[in-house]
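The following note sets out points for a colleague who has the coordinates at hand. It deals in turn with charged pairs, a helix, the nonpolar packing and the cysteines.

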Amino acid sequence: MDVTTEREEGVLSVRVEGRIDGSTVLAFREAIETALKEGDHAVIVDCEKLSYIGSVGLRTMLAIAKAVANRDARFALCTLSDPVFKIFKMSGFDTILTILPSRTEALAALAD
């Protein structure tokens, strides 16, 4: 798994590539927690190159979303592949987390 981050106008964009499972979830969470700054008003996780997410990854996404919300910031996922989106849908996480089709739509939604 590879995680890259960038920041633009108070929005932390996180791009994840590979798998989020039991062996990679701690590195994923630490990458976001390390990158998150006090002035960030939104976090977008771009999942375009995410090939798999396990249950521990789903729980971690929820925990990160809650931590971001506790900082009065917003959280969204974007560009999920069909197989990854199916995992979110089967688990019901598609109704809990904000999931948008593109990074552009995520930026627009979180700017409101």
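1. Arg7 and Asp40 form a salt bridge, with 2.7 Å between the closest N and O atoms. The model is a predicted one, and the pair should be read in that light. Arg7 belongs to strand β1, whereas Asp40 sits in the loop between α1 (25-35) and β3 (42-53), so the bridge ties together parts that are 33 residues apart in sequence. The two partners are placed as follows: Arg7 is partly exposed at 38% relative accessibility, while Asp40 is buried, with a relative accessible area of 6%.

2. A further salt bridge joins Arg103 to Glu6, where the closest N and O atoms are 3.6 Å apart. Because Arg103 lies in helix α4 (residues 103-111) and Glu6 in strand β1 (residues 2-8), this pair ties together parts that are 97 residues apart in sequence. Glu6 has a relative accessible area of 38% and is thus partly exposed.

3. Within helix α1, Glu33 forms a salt bridge with Arg29, and the closest N and O atoms are 2.8 Å apart. The two residues are 4 apart in the helix, which means that about one helical turn separates them. Glu33 is partly exposed, at a relative accessible area of 45%; Arg29 is also partly exposed, at 28%. The count for the model comes to 7 salt bridges.

4. Does the length of helix α2 agree or disagree with the expected span? Helix α2 (residues 55-70) has 16 residues, which at 1.5 Å a residue should span 22 Å; the end C-alpha atoms are 23 Å apart, and this agrees. Just after α2, Asp72 adopts a positive phi of about 60 degrees.

5. The buried residues of α2 are Gly57, Leu58, Thr60, Met61, Leu62, Ile64, Ala65 and Val68. They pack against β2 (11-20), α1, β3, β4 (74-78) and α3 (82-91).

6. The largest nonpolar core has 29 residues, of which Val45, Ile53, Met61, Phe75, Leu77, Phe88 and Leu97 touch the most other members. At least two residues of this core come from each of β2, α1, β3, α2, β4 and α3. Helix α2 gives the most to this core, with 6 residues. In soluble globular proteins, nonpolar side chains tend to be buried together.

7. Which residues does Phe75 contact, leaving aside its neighbours within four places in sequence? Phe75 is in contact with Val43, Val45, Met61, Ile64, Ala65, Val68, Leu97, Thr98 and Leu110. A second, separate core holds 8 residues, among them Ala42, Ile44, Leu100 and Leu110.

8. The disulfide count is 0. Why is Cys47 not bonded to Cys78? The closest cysteine sulfur to that of Cys47 is in Cys78, at 6.8 Å, which is too far for a bond; a disulfide requires the sulfur atoms to be within 2.5 Å. Cys47 is buried, with a relative accessible area of 0%, and Cys78 is likewise buried, with a relative accessible area of 0%.

How values were computed: Residues are numbered from 1 along each chain as its sequence is written. This is a predicted model: local features need pLDDT of at least 70, side-chain atom pairs count only at pLDDT 80 or more; totals for chains, interfaces and linings use all residues. Side-chain values use heavy atoms; hydrogens and water are left out. A salt bridge is a side-chain nitrogen of Lys or Arg within 4 Å of a carboxyl oxygen of Asp or Glu. Buried means under 20% relative accessible area, exposed over 50%, partly exposed in between (1.4 Å probe, protein chains only). The expected span of a helix is 1.5 Å times one less than its number of residues. Contact means heavy atoms within 4.5 Å. A nonpolar core is a set of buried Ala, Val, Leu, Ile, Met, Phe, Trp, Tyr and Cys residues joined through side-chain atoms within 4.5 Å.
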